[in-house]
Amino acid sequence: MYLLINILGILVFIGVAFLFSKDKKHVDWRSVITMLVINVFLAWFLTGFSIGIDGVKAAADAFNWMVQISYSGIGFALASWVNVKQMDFVTSSLLPILMIVPLFDILTYIGFLPWLIKWVGRGLAFITRQPKFESFFAVEMMFLGNTEALAVSSLQLKQMKAQRLVTIAMMSMSCVTASILGAYMQMMPGQYVIAAVPINIVNAIIVTIILNPVTVTPEEDVITKIGSSAQVAENTQTTDPSGSEELAEDQVKADAKPKKEPFFSFLGDSILGAGKLVLIILANVIAFVALAKLIDSGMQLIAPWLTLENILGVIMFPFAWLLGLDVPTAFKFAQFMGTKLVTNEFVVMGKVSPVVQSYAPHFKAMLIVFLTSFANLSTTGMVIGAFKGIVDRKKNDVISKNVGYMLLSGVLVSLMSAGVVGLFSW
(Lines give C-alpha, C1' and ligand atoms only; values in the text may rest on other atoms or scores of the structure.)
Protein backbone atom coordinates (compact mmCIF):
# COMPACT_ATOMS: atom_id res chain seq x y z
CA MET A 1 0.00 0.00 0.00
CA TYR A 2 2.69 2.49 1.00
CA LEU A 3 4.62 1.75 -2.20
CA LEU A 4 1.52 2.61 -4.24
CA ILE A 5 1.12 5.86 -2.29
CA ASN A 6 4.81 6.61 -2.96
CA ILE A 7 4.24 6.12 -6.71
CA LEU A 8 1.07 8.22 -6.55
CA GLY A 9 3.02 10.94 -4.75
CA ILE A 10 5.55 11.26 -7.56
CA LEU A 11 2.70 11.64 -10.06
CA VAL A 12 1.00 14.21 -7.82
CA PHE A 13 4.21 16.26 -7.58
CA ILE A 14 4.40 16.30 -11.38
CA GLY A 15 0.72 17.25 -11.42
CA VAL A 16 1.35 20.18 -9.07
CA ALA A 17 4.09 21.41 -11.39
CA PHE A 18 1.70 21.14 -14.33
CA LEU A 19 -1.03 22.95 -12.37
CA PHE A 20 1.25 25.95 -11.90
CA SER A 21 2.83 25.72 -15.37
CA LYS A 22 3.20 29.02 -17.20
CA ASP A 23 2.48 27.40 -20.57
CA LYS A 24 0.67 24.08 -20.24
CA LYS A 25 0.28 23.62 -24.00
CA HIS A 26 4.01 23.54 -24.65
CA VAL A 27 5.21 21.17 -21.93
CA ASP A 28 7.55 18.66 -23.58
CA TRP A 29 6.06 15.48 -22.11
CA ARG A 30 8.36 13.24 -24.11
CA SER A 31 11.38 14.77 -22.36
CA VAL A 32 9.62 14.65 -19.00
CA ILE A 33 8.87 10.94 -19.35
CA THR A 34 12.40 10.21 -20.63
CA MET A 35 14.02 11.98 -17.69
CA LEU A 36 11.63 10.43 -15.18
CA VAL A 37 12.61 6.97 -16.45
CA ILE A 38 16.28 7.97 -16.21
CA ASN A 39 15.80 9.16 -12.64
CA VAL A 40 13.96 6.03 -11.56
CA PHE A 41 16.81 4.00 -13.06
CA LEU A 42 19.38 6.19 -11.27
CA ALA A 43 17.60 5.76 -7.95
CA TRP A 44 17.40 1.98 -8.44
CA PHE A 45 21.03 1.75 -9.58
CA LEU A 46 22.42 3.92 -6.77
CA THR A 47 20.34 2.52 -3.91
CA GLY A 48 19.13 -0.93 -4.96
CA PHE A 49 21.78 -2.40 -7.27
CA SER A 50 24.99 -3.80 -5.82
CA ILE A 51 27.37 -2.08 -8.28
CA GLY A 52 25.63 1.26 -7.82
CA ILE A 53 25.59 0.91 -4.04
CA ASP A 54 29.29 0.01 -4.03
CA GLY A 55 30.08 2.98 -6.26
CA VAL A 56 28.15 5.40 -4.06
CA LYS A 57 29.79 4.00 -0.93
CA ALA A 58 33.21 4.34 -2.57
CA ALA A 59 32.49 8.01 -3.34
CA ALA A 60 31.26 8.57 0.22
CA ASP A 61 34.34 6.84 1.58
CA ALA A 62 36.53 9.11 -0.57
CA PHE A 63 34.91 12.20 0.93
CA ASN A 64 35.22 10.77 4.43
CA TRP A 65 38.88 10.00 3.72
CA MET A 66 39.43 13.64 2.80
CA VAL A 67 37.67 14.72 5.97
CA GLN A 68 39.87 12.43 8.06
CA ILE A 69 42.95 13.97 6.45
CA SER A 70 41.62 17.43 7.21
CA TYR A 71 41.53 16.48 10.90
CA SER A 72 45.33 16.31 10.86
CA GLY A 73 45.46 20.02 10.09
CA ILE A 74 42.72 20.80 12.58
CA GLY A 75 44.42 18.66 15.22
CA PHE A 76 47.74 20.46 14.71
CA ALA A 77 46.15 23.82 15.47
CA LEU A 78 43.37 22.72 17.84
CA ALA A 79 44.40 19.37 19.37
CA SER A 80 41.97 19.77 22.28
CA TRP A 81 39.08 20.02 19.79
CA VAL A 82 39.98 16.85 17.86
CA ASN A 83 41.39 14.48 20.48
CA VAL A 84 38.11 14.08 22.33
CA LYS A 85 35.53 11.34 22.68
CA GLN A 86 32.91 13.24 20.67
CA MET A 87 33.80 16.21 18.44
CA ASP A 88 31.28 19.02 18.28
CA PHE A 89 29.46 20.22 15.14
CA VAL A 90 32.03 22.90 14.28
CA THR A 91 35.03 20.58 14.49
CA SER A 92 33.55 17.50 12.87
CA SER A 93 31.48 19.11 10.11
CA LEU A 94 32.55 22.68 9.43
CA LEU A 95 36.32 22.92 9.89
CA PRO A 96 37.04 20.23 7.22
CA ILE A 97 35.63 22.74 4.73
CA LEU A 98 38.92 24.64 5.15
CA MET A 99 40.66 21.89 3.17
CA ILE A 100 37.91 20.56 0.90
CA VAL A 101 36.85 23.88 -0.64
CA PRO A 102 40.41 24.81 -1.71
CA LEU A 103 40.86 21.29 -3.13
CA PHE A 104 37.86 21.68 -5.43
CA ASP A 105 38.95 25.19 -6.37
CA ILE A 106 42.37 23.89 -7.37
CA LEU A 107 40.63 21.38 -9.67
CA THR A 108 38.73 24.29 -11.16
CA TYR A 109 41.85 26.45 -11.49
CA ILE A 110 43.71 23.80 -13.48
CA GLY A 111 40.69 23.35 -15.75
CA PHE A 112 39.65 19.82 -14.78
CA LEU A 113 36.22 20.67 -13.34
CA PRO A 114 35.23 22.99 -16.23
CA TRP A 115 36.20 20.23 -18.69
CA LEU A 116 34.21 17.61 -16.75
CA ILE A 117 31.19 19.89 -16.44
CA LYS A 118 31.21 20.67 -20.17
CA TRP A 119 31.19 17.08 -21.36
CA VAL A 120 28.79 15.72 -18.74
CA GLY A 121 26.46 18.62 -19.54
CA ARG A 122 26.60 17.88 -23.26
CA GLY A 123 25.88 14.21 -22.62
CA LEU A 124 22.89 15.13 -20.45
CA ALA A 125 21.57 17.48 -23.15
CA PHE A 126 21.84 14.72 -25.76
CA ILE A 127 19.98 12.21 -23.59
CA THR A 128 17.26 14.56 -22.35
CA ARG A 129 16.77 16.53 -25.60
CA GLN A 130 16.90 19.76 -23.60
CA PRO A 131 18.83 22.94 -24.50
CA LYS A 132 22.58 22.57 -24.10
CA PHE A 133 23.04 25.40 -21.63
CA GLU A 134 20.30 24.32 -19.24
CA SER A 135 21.83 20.83 -19.08
CA PHE A 136 25.31 22.30 -18.74
CA PHE A 137 24.17 24.62 -15.96
CA ALA A 138 22.54 21.77 -14.01
CA VAL A 139 25.84 19.89 -13.97
CA GLU A 140 27.81 23.06 -13.30
CA MET A 141 25.80 23.72 -10.13
CA MET A 142 26.56 20.23 -8.84
CA PHE A 143 30.25 21.06 -8.63
CA LEU A 144 30.36 24.81 -8.13
CA GLY A 145 27.13 25.83 -6.40
CA ASN A 146 24.48 28.27 -7.57
CA THR A 147 26.02 31.75 -7.41
CA GLU A 148 29.44 30.66 -8.68
CA ALA A 149 27.81 28.73 -11.55
CA LEU A 150 25.93 31.92 -12.41
CA ALA A 151 29.15 33.90 -12.23
CA VAL A 152 31.23 31.75 -14.59
CA SER A 153 28.33 31.70 -17.07
CA SER A 154 27.67 35.44 -16.93
CA LEU A 155 28.41 36.06 -20.62
CA GLN A 156 25.85 33.45 -21.61
CA LEU A 157 23.23 34.75 -19.19
CA LYS A 158 23.52 38.33 -20.45
CA GLN A 159 22.49 37.17 -23.92
CA MET A 160 19.55 35.00 -22.85
CA LYS A 161 15.93 36.11 -22.90
CA ALA A 162 14.18 36.72 -19.60
CA GLN A 163 12.00 33.61 -19.82
CA ARG A 164 15.06 31.34 -19.98
CA LEU A 165 16.66 33.24 -17.11
CA VAL A 166 13.62 32.40 -14.97
CA THR A 167 14.30 28.72 -15.72
CA ILE A 168 17.94 29.13 -14.65
CA ALA A 169 16.83 30.89 -11.45
CA MET A 170 14.45 28.03 -10.65
CA MET A 171 17.16 25.45 -11.27
CA SER A 172 19.48 27.38 -8.95
CA MET A 173 17.27 26.43 -6.01
CA SER A 174 18.04 22.72 -6.32
CA CYS A 175 21.82 22.54 -6.35
CA VAL A 176 24.32 21.28 -3.82
CA THR A 177 28.02 22.07 -3.96
CA ALA A 178 30.44 19.14 -4.19
CA SER A 179 32.90 20.82 -1.86
CA ILE A 180 30.38 20.84 0.98
CA LEU A 181 29.32 17.21 0.68
CA GLY A 182 32.01 16.27 3.19
CA ALA A 183 30.28 18.41 5.81
CA TYR A 184 26.94 16.75 5.07
CA MET A 185 28.46 13.30 5.36
CA GLN A 186 29.73 13.98 8.85
CA MET A 187 26.08 14.24 9.91
CA MET A 188 24.20 12.00 7.47
CA PRO A 189 24.89 8.55 5.90
CA GLY A 190 27.07 9.33 2.91
CA GLN A 191 25.56 6.95 0.36
CA TYR A 192 22.25 8.81 0.31
CA VAL A 193 23.93 12.22 0.19
CA ILE A 194 25.93 11.17 -2.88
CA ALA A 195 22.91 9.54 -4.53
CA ALA A 196 20.87 12.73 -4.13
CA VAL A 197 23.25 14.83 -6.23
CA PRO A 198 22.67 13.39 -9.75
CA ILE A 199 18.99 12.71 -8.99
CA ASN A 200 18.50 16.38 -8.06
CA ILE A 201 20.06 17.43 -11.37
CA VAL A 202 17.60 15.47 -13.49
CA ASN A 203 14.62 16.44 -11.35
CA ALA A 204 15.58 20.12 -11.62
CA ILE A 205 15.28 19.82 -15.40
CA ILE A 206 11.99 17.89 -15.17
CA VAL A 207 10.34 20.40 -12.85
CA THR A 208 11.53 23.53 -14.63
CA ILE A 209 10.48 22.43 -18.12
CA ILE A 210 6.98 21.78 -16.74
CA LEU A 211 6.75 24.97 -14.72
CA ASN A 212 8.33 27.20 -17.35
CA PRO A 213 8.38 25.70 -20.87
CA VAL A 214 10.64 27.72 -23.16
CA THR A 215 11.14 27.35 -26.90
CA VAL A 216 14.83 27.61 -27.75
CA THR A 217 15.86 28.13 -31.36
CA PRO A 218 19.00 26.45 -32.79
CA GLU A 219 20.68 29.88 -32.87
CA GLU A 220 20.02 30.30 -29.15
CA ASP A 221 21.00 26.73 -28.24
CA VAL A 222 24.70 27.40 -27.75
CA ILE A 223 27.12 27.73 -24.86
CA THR A 224 28.82 31.10 -25.22
CA LYS A 225 31.65 30.54 -22.82
CA ILE A 226 32.75 28.18 -20.09
CA GLY A 227 34.47 30.24 -17.45
CA SER A 228 36.98 29.31 -14.78
CA SER A 229 36.28 29.24 -11.10
CA ALA A 230 35.78 32.56 -9.41
CA GLN A 231 38.10 34.13 -6.91
CA VAL A 232 37.13 32.35 -3.73
CA ALA A 233 37.24 35.35 -1.47
CA GLU A 234 33.68 35.73 -2.69
CA ASN A 235 33.16 31.97 -3.05
CA THR A 236 31.85 31.99 0.49
CA GLN A 237 28.48 32.92 -0.95
CA THR A 238 28.29 29.75 -3.07
CA THR A 239 26.54 27.95 -0.24
CA ASP A 240 25.61 30.97 1.85
CA PRO A 241 22.46 30.13 3.82
CA SER A 242 22.00 33.81 4.77
CA GLY A 243 20.37 34.80 1.48
CA SER A 244 22.18 38.14 1.26
CA GLU A 245 21.33 39.68 -2.13
CA GLU A 246 24.02 42.35 -1.82
CA LEU A 247 26.82 39.89 -1.06
CA ALA A 248 25.74 37.58 -3.86
CA GLU A 249 25.62 40.51 -6.28
CA ASP A 250 29.11 41.62 -5.24
CA GLN A 251 30.37 38.08 -5.78
CA VAL A 252 29.11 37.92 -9.34
CA LYS A 253 30.65 41.28 -10.23
CA ALA A 254 34.01 40.25 -8.81
CA ASP A 255 33.80 36.81 -10.38
CA ALA A 256 33.42 38.29 -13.86
CA LYS A 257 37.12 39.20 -13.95
CA PRO A 258 38.59 37.54 -17.01
CA LYS A 259 42.23 37.58 -15.97
CA LYS A 260 43.59 34.47 -14.28
CA GLU A 261 45.46 35.32 -11.11
CA PRO A 262 48.69 33.61 -9.95
CA PHE A 263 48.14 30.22 -8.35
CA PHE A 264 49.31 30.97 -4.81
CA SER A 265 47.35 34.19 -4.73
CA PHE A 266 44.33 32.20 -5.87
CA LEU A 267 44.97 29.51 -3.24
CA GLY A 268 45.28 32.11 -0.50
CA ASP A 269 41.97 33.66 -1.50
CA SER A 270 40.39 30.20 -1.60
CA ILE A 271 41.52 29.36 1.92
CA LEU A 272 40.29 32.70 3.24
CA GLY A 273 37.03 32.18 1.39
CA ALA A 274 36.63 28.74 2.98
CA GLY A 275 37.17 30.33 6.39
CA LYS A 276 34.45 32.86 5.68
CA LEU A 277 32.14 30.06 4.58
CA VAL A 278 32.66 28.27 7.90
CA LEU A 279 31.78 31.46 9.78
CA ILE A 280 28.74 32.11 7.58
CA ILE A 281 27.31 28.62 8.14
CA LEU A 282 28.09 28.74 11.86
CA ALA A 283 26.48 32.17 12.27
CA ASN A 284 23.37 31.11 10.37
CA VAL A 285 22.95 27.86 12.29
CA ILE A 286 23.27 29.65 15.64
CA ALA A 287 20.92 32.45 14.57
CA PHE A 288 18.27 30.21 13.00
CA VAL A 289 18.19 27.77 15.92
CA ALA A 290 17.98 30.61 18.46
CA LEU A 291 15.30 32.50 16.49
CA ALA A 292 13.23 29.33 16.10
CA LYS A 293 13.46 28.78 19.86
CA LEU A 294 12.44 32.41 20.46
CA ILE A 295 9.40 32.03 18.19
CA ASP A 296 8.46 28.75 19.88
CA SER A 297 8.75 30.32 23.33
CA GLY A 298 6.49 33.19 22.28
CA MET A 299 3.85 30.95 20.75
CA GLN A 300 3.86 28.59 23.72
CA LEU A 301 2.68 31.45 25.88
CA ILE A 302 -0.55 31.13 23.88
CA ALA A 303 -0.71 27.32 23.84
CA PRO A 304 1.88 24.77 25.06
CA TRP A 305 1.55 22.67 21.89
CA LEU A 306 1.98 25.64 19.53
CA THR A 307 5.47 25.44 17.99
CA LEU A 308 7.00 26.35 14.65
CA GLU A 309 7.65 22.69 13.89
CA ASN A 310 4.02 21.74 14.57
CA ILE A 311 2.71 24.52 12.32
CA LEU A 312 5.09 23.60 9.51
CA GLY A 313 4.26 19.95 10.02
CA VAL A 314 0.57 20.61 9.41
CA ILE A 315 1.30 22.61 6.25
CA MET A 316 3.69 20.06 4.76
CA PHE A 317 1.91 16.93 6.00
CA PRO A 318 0.01 16.06 2.77
CA PHE A 319 3.25 16.08 0.77
CA ALA A 320 5.06 13.96 3.36
CA TRP A 321 2.21 11.43 3.43
CA LEU A 322 2.41 11.10 -0.36
CA LEU A 323 5.96 9.81 0.08
CA GLY A 324 4.53 6.56 1.43
CA LEU A 325 4.64 7.15 5.18
CA ASP A 326 2.12 6.36 7.89
CA VAL A 327 0.41 9.33 9.54
CA PRO A 328 2.63 9.82 12.65
CA THR A 329 5.82 9.32 10.64
CA ALA A 330 4.58 11.60 7.86
CA PHE A 331 3.93 14.38 10.38
CA LYS A 332 7.44 14.01 11.77
CA PHE A 333 8.89 14.10 8.25
CA ALA A 334 6.77 17.17 7.45
CA GLN A 335 8.18 19.00 10.47
CA PHE A 336 11.72 18.41 9.22
CA MET A 337 10.70 19.52 5.71
CA GLY A 338 9.20 22.77 6.96
CA THR A 339 12.13 23.54 9.24
CA LYS A 340 14.57 23.04 6.38
CA LEU A 341 12.61 25.33 4.06
CA VAL A 342 12.47 28.26 6.50
CA THR A 343 15.99 27.80 7.88
CA ASN A 344 18.51 25.57 6.07
CA GLU A 345 19.60 21.96 5.78
CA PHE A 346 22.34 22.24 8.42
CA VAL A 347 19.82 23.06 11.13
CA VAL A 348 17.84 19.86 10.48
CA MET A 349 20.90 17.69 9.86
CA GLY A 350 22.42 18.80 13.14
CA LYS A 351 19.17 18.02 14.93
CA VAL A 352 18.67 14.50 13.55
CA SER A 353 22.31 13.46 13.26
CA PRO A 354 22.48 11.63 16.61
CA VAL A 355 19.42 9.47 15.82
CA VAL A 356 19.31 9.23 12.02
CA GLN A 357 20.66 5.67 11.95
CA SER A 358 17.74 4.51 14.09
CA TYR A 359 15.16 5.62 11.52
CA ALA A 360 13.42 3.10 9.26
CA PRO A 361 15.22 2.70 5.89
CA HIS A 362 12.40 4.32 3.88
CA PHE A 363 12.17 7.34 6.19
CA LYS A 364 15.93 7.72 6.50
CA ALA A 365 16.68 7.56 2.77
CA MET A 366 14.00 10.07 1.82
CA LEU A 367 14.83 12.49 4.62
CA ILE A 368 18.52 12.62 3.71
CA VAL A 369 17.78 13.08 0.02
CA PHE A 370 15.23 15.81 0.75
CA LEU A 371 17.74 17.68 2.91
CA THR A 372 20.56 17.47 0.35
CA SER A 373 19.91 20.73 -1.49
CA PHE A 374 19.95 24.48 -0.90
CA ALA A 375 16.18 24.81 -1.45
CA ASN A 376 15.01 27.23 1.24
CA LEU A 377 13.66 30.76 1.56
CA SER A 378 17.04 32.43 2.05
CA THR A 379 18.42 30.97 -1.18
CA THR A 380 15.88 32.96 -3.23
CA GLY A 381 17.45 36.22 -2.09
CA MET A 382 20.95 34.92 -2.81
CA VAL A 383 20.03 33.89 -6.35
CA ILE A 384 18.26 37.17 -7.12
CA GLY A 385 21.25 39.06 -5.76
CA ALA A 386 23.55 37.09 -8.06
CA PHE A 387 21.43 37.93 -11.10
CA LYS A 388 21.57 41.62 -10.16
CA GLY A 389 25.28 41.53 -10.86
CA ILE A 390 24.81 39.94 -14.30
CA VAL A 391 21.68 41.01 -16.19
CA ASP A 392 19.99 44.35 -16.73
CA ARG A 393 17.32 45.64 -14.38
CA LYS A 394 14.40 44.74 -16.65
CA LYS A 395 15.41 41.06 -16.80
CA ASN A 396 16.20 41.00 -13.10
CA ASP A 397 12.73 42.37 -12.33
CA VAL A 398 11.21 39.48 -14.29
CA ILE A 399 13.22 37.03 -12.18
CA SER A 400 12.28 38.82 -8.94
CA LYS A 401 8.59 38.52 -9.77
CA ASN A 402 9.00 34.74 -9.92
CA VAL A 403 10.28 34.17 -6.38
CA GLY A 404 7.26 31.98 -5.66
CA TYR A 405 8.07 29.82 -8.67
CA MET A 406 11.69 29.57 -7.56
CA LEU A 407 10.70 28.26 -4.13
CA LEU A 408 8.04 25.96 -5.62
CA SER A 409 10.63 24.54 -8.00
CA GLY A 410 13.07 23.83 -5.16
CA VAL A 411 10.41 22.13 -3.03
CA LEU A 412 9.11 19.98 -5.90
CA VAL A 413 12.62 18.89 -6.90
CA SER A 414 13.39 17.85 -3.32
CA LEU A 415 10.07 15.98 -3.07
CA MET A 416 10.60 14.27 -6.43
CA SER A 417 14.13 13.20 -5.47
CA ALA A 418 12.99 11.86 -2.11
CA GLY A 419 10.10 10.07 -3.81
CA VAL A 420 12.13 8.22 -6.43
CA VAL A 421 14.74 7.15 -3.89
CA GLY A 422 11.95 6.02 -1.56
CA LEU A 423 10.73 3.58 -4.21
CA PHE A 424 13.79 1.40 -3.60
CA SER A 425 14.43 1.96 0.12
CA TRP A 426 12.24 -0.11 2.43
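A residue is called buried when its relative accessible area is under 20%, exposed when it is over 50%, and partly exposed in between (1.4 Å probe, protein chains only). Helices (H or I, at least four residues) and strands (E, at least two) are DSSP runs, numbered from the N terminus.

The structure is a predicted model, in which local features need pLDDT of at least 70 and side-chain atom pairs count only at pLDDT 80 or more, while totals for chains, interfaces and linings use all residues. Residues are numbered from 1 along each chain as its sequence is written, and side-chain values use heavy atoms, with hydrogens and water left out.

## The chain as a whole

The chain has 22 helices and zero strands. It has 426 residues, of which 57% count as buried. Two residues are in contact when heavy atoms lie within 4.5 Å. Among contacts between residues at least 6 apart in sequence, 80% join residues at least 24 apart.

A nonpolar core is a set of buried Ala, Val, Leu, Ile, Met, Phe, Trp, Tyr and Cys residues joined through side-chain atoms within 4.5 Å. The largest such core has 124 residues, and Ile97, Phe333 and Phe387 have the most contacts inside it. Helix α13 gives the most to this core, with 16 residues. Apart from neighbours within four places in sequence, Phe333 is in contact with Ala320, Leu323, Leu325, Phe363, Met366, Leu367 and Phe370.

## Helix α19

How many of the 11 residues of helix α19 are buried? The number is 10, so this helix (residues 361-371) is largely enclosed by the rest of the structure. The buried residues include His362 and Lys364 as well as Phe363, Met366 and Phe370. They pack against α1 (2-19), α13, α17 (327-342), α18 (345-352) and α22 (403-422).

## Helices α2 and α13

Two packed helices are described by the angle between their axes and the distance between the axes. Here, axes are lines fitted to C-alpha atoms, for helices over the stretch in contact, and angles run from 0 to 180 degrees between N-to-C directions. The axes of α2 (residues 29-48) and α13 (residues 190-211) come within 10 Å and cross at roughly 170 degrees. That makes α2 roughly antiparallel to α13. Angles over 145 degrees count as roughly antiparallel, under 35 as roughly parallel, 65 to 115 as roughly perpendicular and the rest as oblique.

On the α2 side, the residues that meet α13 include Trp29, Met35, Asn39 and Leu46, and on the α13 side they include Tyr192, Pro198, Asn203 and Ile210. The residues of this contact divide into 16 nonpolar, four polar and no charged. In this count Ala, Val, Leu, Ile, Met, Phe, Trp, Tyr, Cys and Pro are nonpolar, Asp, Glu, Lys and Arg are charged, and the others, Gly among them, are polar.

Met35 lies in helix α2. Leaving out residues up to four places away in sequence, Met35 touches Thr128, Gln130, Val202, Ile205, Ile206 and Ile209.

## Helix α6

The expected span of a helix is 1.5 Å times one less than its number of residues. Helix α6 (residues 97-109) has 13 residues and should span 18 Å, which agrees with the 18 Å between its end C-alpha atoms. Its buried residues are Ile97, Ile100, Val101, Pro102, Phe104, Asp105, Thr108 and Tyr109. Just after α6, Gly111 takes a positive phi of about 95 degrees.

## Four buried residues

The table gives the relative accessible area of four residues and one C-alpha separation for each.

| Residue | Relative accessible area | Partner and C-alpha separation |
|---|---|---|
| Met35 | 0% | Ile127, 8.4 Å |
| Phe63 | 10% | Ile194, 9.8 Å |
| Lys340 | 0% | Phe370, 9.2 Å |
| Leu306 | 16% | Ile295, 9.9 Å |

Phe63 is found in helix α3 (residues 50-77). Beyond residues up to four places away in sequence, Phe63 touches Phe104, Ala178, Leu181, Gly182, Met185 and Ile194.

Lys340 is part of helix α17. With neighbours within four places in sequence left aside, the contacts of Lys340 include Glu345, Val348, Phe370, Asn376 and Ser414.

Where is Leu306? Leu306 sits in the loop between α15 (263-300) and α16 (308-321). Setting aside neighbours within four places in sequence, Leu306 is in contact with Asp296, Met299, Gln300 and Ile311.
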